[in-house]
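Reader: Hey, could you walk me through this one? I'm new to this.
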Amino acid sequence: MPTRPPRLCGCGLVVASGVQCACQIKRNAERKARHDRDRPNANARGYSSKWREARNGFLAKHTKCVRCGAPATVVNHRVPHKGDKRLFWSRSNWEAVCAPCHNGPIQSAEKKPR
Ligand SMILES: [Zn+2]
Ligand SMILES: [Zn+2]
């Protein structure tokens, strides 16, 4: 098998045939590191945009705060989901509330008559 001549890499180094130049190895490592680093972020982004869509759809149908009747801007989980995806996505566990009600003591507000 004839040996192929070395090539001139874009970085200016002469590299033996079939061998990666140091700059390529470095670039690949950086790309992989960046990919690994971005992965959780990308998932978080997808998750939040899915939630934003679902939330907007819910608020389009439930425009009034169930507590005080002000325009609703927040979807509250009646039962705190605490990371439980089933509770989180269960629309029967959702209620439209306004930000003041959501940020206020929503637990005690629940006990008040509507
Ligand atoms: Zn190179
Ligand atoms: Zn309210």
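Reader: What spacing do the donors of the zinc ion (ligand 1) follow along the chain?
Author: They follow C-x1-C-x9-C-x1-C. Donors here are N, O and S atoms within 2.8 Å of the metal (3.2 Å for Na, K and Ca), and water is not among the atoms, so sites may look incomplete. One pair, Cys11 and Cys23, links distant parts of the chain: Cys11 sits in the loop between β1 (7-8) and β2 (14-15), Cys23 in helix α1, 12 residues apart. Helices (H or I, at least four residues) and strands (E, at least two) are DSSP runs, numbered from the N terminus.

Reader: Wait, is this a predicted model, and how's the numbering done?
Author: It's a predicted model, where local features need pLDDT of at least 70, side-chain atom pairs count only at pLDDT 80 or more, and totals for chains, interfaces and linings use all residues. Residues are numbered from 1 along each chain as its sequence is written, chains are lettered from A and ligands numbered from 1 in the order written, and side-chain values use heavy atoms, leaving out hydrogens and water.

Reader: Cool. Which residues coordinate the zinc ion (ligand 2)?
Author: Cys65, Cys68, Cys98 and Cys101, each through SG, at 2.2 to 2.3 Å. Their spacing in sequence is C-x2-C-x29-C-x2-C.

Reader: And is Cys65 buried or exposed?
Author: Cys65 counts as buried because its relative accessibility is 5%, and buried means under 20% relative accessible area, exposed over 50%, partly exposed in between (1.4 Å probe, protein chains only). Cys101 is buried too, at 18%.

Reader: What about Cys11?
Author: Cys11 is partly exposed, with a relative accessible area of 41%.
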